[in-house]
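Student: I'd like to learn how to read a helix and its surroundings. Can we start with what counts as a contact?

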Amino acid sequence: MLTKQAAEAPAVKIDRLTFSYGARCGGTGSSPALEDISLSIADNEFTAIIGQNGAGKTTLLKNLTGLLRPEKGDIFIRGKNTRDMPVSAISAEAGFVMQNPDRQLFADTVYDEAAFALRNRGLSEAEIKPRVEAALNAVGLAEERESFPIALGRGERAKAVIASVLAMGSKILIFDEPASGQDYRNSRRIMDILRELHGGGYTIIFVTHIMSLAAEYARRVIVMKEKRLVMDGTTADIFSRAGELEKAGILPPQIIRLGRELRGELPLQKDPLSAAELGDMLLALKGRTYGK
Ligand SMILES: Nc1ncnc2c1ncn2[C@@H]1O[C@H](COP(=O)(O)OP(=O)(O)OP(=O)(O)O)[C@@H](O)[C@H]1O
Ligand SMILES: [Mg+2]
């Protein structure tokens, strides 16, 4: 059961985080990869982190999940300082799907992949089975439970990794470019899984370079530029600030730009965040016009 402190604490709180890649990581340690980052994410938020190459997005996620450790500042997961948590304790709270999920696949079957961490924790097969089955169902891979993960298609491989993270039971899920290298259909399938998980109460944080996915799926957007956090707001708010985004090297998705153009001509109430939303707005307008 959650303690009162943990129940009231944000899912994630980052307080003045600074990080440099030291000699151990192959860097010089002289120039920080993250500078003075502070943010707080509540339970069940759906947050996209965007920014140009090298902005520090992956470094931030790795600090968050304990793969890298803060140089200055603190990270709290449900009120607990990650400095006091081994990686295994962090991953029990915050599951991480890395940018190239293939690197996280090593078992002989999809089932064993999802069961691996739980077996490591010493759970019995009877305890493991329902958790693994639920995770496979959540990503739509139940039929592939006996398949060799590496032999699956790219989209299915990504789902196998998501299932293995889900099986661990973490309620915070962190994804580094979940749609990268996926075709359009698989990207959407993966993002739809994230959306369903969000609907089921999970806290979702994902990094993406695909602005249309950030706009359509995220509720909140955090923008990084040159190691710093430069914008943080609701998705609609962030994508309406085109001038600031441009300074961070980001172009809002075409559909938002089109919507904004149309707002000059038509009485649209707000900027549409996806083609479907623009379609609905236009149809509603058409309905109103014809209804008169
Ligand atoms: N292992 C490493 N050793 C040294 N420097 C690194 C290492 N990994 C990243 N960096 C540097 O840290 C900074 C932030 O990199 P990071 O990978 O976090 O950016 P990113 O926003 O994830 O970029 P991308 O969109 O290309 O994935 C960059 O200047 C990068 O060159
Ligand atoms: Mg990255």
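Tutor: Sure: two residues are in contact if their C-beta atoms, placed from the backbone, lie within 7 Å. This is a predicted model, where local features need pLDDT of at least 70, side-chain atom pairs count only at pLDDT 80 or more, and totals for chains, interfaces and linings use all residues. Residues are numbered from 1 along each chain as its sequence is written, while chains are lettered from A and ligands numbered from 1 in the order in which they are written.

Student: Which residues does leucine 197 touch, leaving out those up to four places away in sequence?

Tutor: Leucine 197 touches Ala138, Leu173, Tyr202 and Ile204 on that count. Leucine 197 sits in helix 7, residues 184-199; helices are DSSP runs of H or I with at least four residues, strands are E runs of at least two, and both are numbered from the N terminus.

Student: Is leucine 197 buried or exposed?

Tutor: A residue is buried with 20 or more other C-beta atoms within 10 Å of its own, exposed with 12 or fewer, and partly exposed in between. Leucine 197 has 19, so it is partly exposed.

Student: Which residues of helix 7 are buried?

Tutor: Ser187, Ile190, Met191 and Leu194 are. Looking down the axis of helix 7, its buried residues fall within an arc of 95° (taken from the directions from the axis to the C-beta atoms), so they line one face. The face turned away from that buried side carries the exposed residues Arg185, Asp192 and Gly199.

Student: What do the buried residues of helix 7 pack against?

Tutor: They pack against helix 6 (154-167), strand 7 (172-176), strand 8 (203-207) and helix 8 (211-217).
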